[in-house]
Amino acid sequence: MIYKDKKTGKTELTPPERKSRRRRRILRTLTVVIGILVIVRIALPFVAVRLINDKLSKLPDYTFHVKDIDISILTASITLKEIEMKKKNGKMPVPFMRCNLVHVHIESFKKRASEIKVDSGWVNLVNGPTKELSQISLPDEWIKLLKEIPFKPNTIMVNNGEVHYREYH
């Protein structure tokens, strides 16, 4: 309701209507902020998969692919699903590395410590007749990339893992 103040001559809203408008404005703002946070949370895994695959595909000699990522903000953990790393030349009969699941849990932000659990992963070390047909070690670019990771693992656990050494001549 609008009323006219007798002393000042100004027309104003009554105090209860002013409060209800303020409440509606606060509710709208909170609804928009919560909506944006929900949208960002839903989009985050898709964006993370795209960023990881794009960044790692630019490295020489090997291709790297992550199929899916689960991100848990409350537990500060990331789960990478179906990871595969192959030699780019296409002549290698087996991939260098494949994992069904890699779970990274950040234990301490101050110490930058993390724990990595690998489930059902395997690595194929191949000694071929030429360097192009071998995959014994990682290129220097991969080592540099691994050093750029901000969290250093203090625990690495591998469940059902295999390492194969193969000779192709």
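Lysine 86 is a friendly place to start in this predicted model: lysine 86 is partly exposed, with a relative accessible area of 38%. Its salt-bridge partner is glutamate 84, with the closest N and O atoms 3.4 Å apart. From that pair we can walk out to the rest of the protein, which has two helices and eight strands.

**The overall layout**

- Reading from the N terminus, the order of elements is β-β-α-β-β-β-β-α-β-β.
- The protein has 169 residues, and 25% of them count as buried.
- About 12500 Å² of the protein is exposed, and carbon and sulfur atoms supply 61% of that area.
- Taking contacts between residues at least 6 apart in sequence, 54% join residues that are at least 24 apart.

**Salt bridges around glutamate 84**

- Glutamate 84 counts as buried because its relative accessibility is 18%, and the cut-off for buried is under 20%.
- Besides lysine 86, glutamate 84 also meets the side chain of arginine 98 in a salt bridge, at 2.0 Å from N to O.
- Glutamate 84 sits in strand E4 and arginine 98 in strand E5 (residues 97-108), so this pair ties together parts that are 14 residues apart in sequence.
- Arginine 98 itself is partly exposed, at 32% relative accessibility.

**Other salt bridges**

- The count of salt bridges in the model comes to seven.
- One of them joins the side chains of lysine 67 and glutamate 82, at 3.8 Å from N to O.
- Lysine 67 belongs to strand E3 (residues 62-72) and glutamate 82 to strand E4 (residues 77-87), so the bridge ties together parts that are 15 residues apart in sequence.
- Lysine 67 counts as exposed, at 54% relative accessibility, while glutamate 82 is partly exposed, with a relative accessible area of 44%.
- Asp68, Asp70 and Lys81 are also linked, in a network of salt bridges.

**Charged patches on the surface**

- Arg21, Arg22, Arg24, Arg25 and Arg28 form a positive surface patch.
- Within that patch, arginine 24 can serve as a landmark: you will find arginine 24 in helix H1 (residues 15-57).
- Arginine 24 is partly exposed, and its relative accessible area is 44%.
- A negative surface patch is made up of Asp61, Glu132, Asp140 and Glu141.
- For this negative patch, take glutamate 132 as the landmark: glutamate 132 is in the loop between E6 and helix H2 (140-147).
- Glutamate 132 counts as exposed, because its relative accessibility is 52% and the cut-off for exposed is over 50%.

**A nonpolar patch**

- Ile26, Leu30, Ile34, Val38, Ile42 and Phe46 form a nonpolar patch on the surface, and together they have about 620 Å² of accessible area.
- Isoleucine 42, one of these residues, lies in helix H1.
- Isoleucine 42 counts as exposed, at 54% relative accessibility.

**Two buried residues to look up**

- Serine 114 is in strand E6 (residues 113-127).
- With a relative accessibility of 2%, serine 114 counts as buried.
- If you set aside neighbours within four places in sequence, the residues in contact with serine 114 are Val104, His105, Ile106, Glu107, Phe151, Lys152, Pro153, Asn154 and Thr155.
- Alanine 76 is in the loop between E3 and E4.
- Alanine 76 counts as buried too, at 18% relative accessibility.
- Between the C-alpha atoms of alanine 76 and serine 108 there are 9.3 Å, although these residues are 32 apart along the chain.

Technical notes:
Residues numbered from 1 in each chain as written. Predicted model: local features only at pLDDT ≥ 70, side-chain atom pairs only at ≥ 80, totals over all residues. Heavy atoms only, no water. Helix = DSSP H or I, 4+ residues; strand = E, 2+ residues; numbered from the N terminus. Buried < 20%, exposed > 50% of the residue type's maximum accessible area, 1.4 Å probe, protein only. Contact = heavy atoms within 4.5 Å. Patch = residues over 30% accessible without salt bridge, like charges linked within 9 Å, V, L, I, M, F, W, Y side chains within 5 Å. Areas by Shrake-Rupley, 256 points an atom, 1.4 Å probe, with all protein chains shown as cover. Salt bridge = Lys/Arg side-chain N within 4 Å of Asp/Glu carboxyl O. Lys, Arg positive; Asp, Glu negative; His and termini not counted. Charge placed at Lys NZ, Arg CZ, Asp CG, Glu CD.
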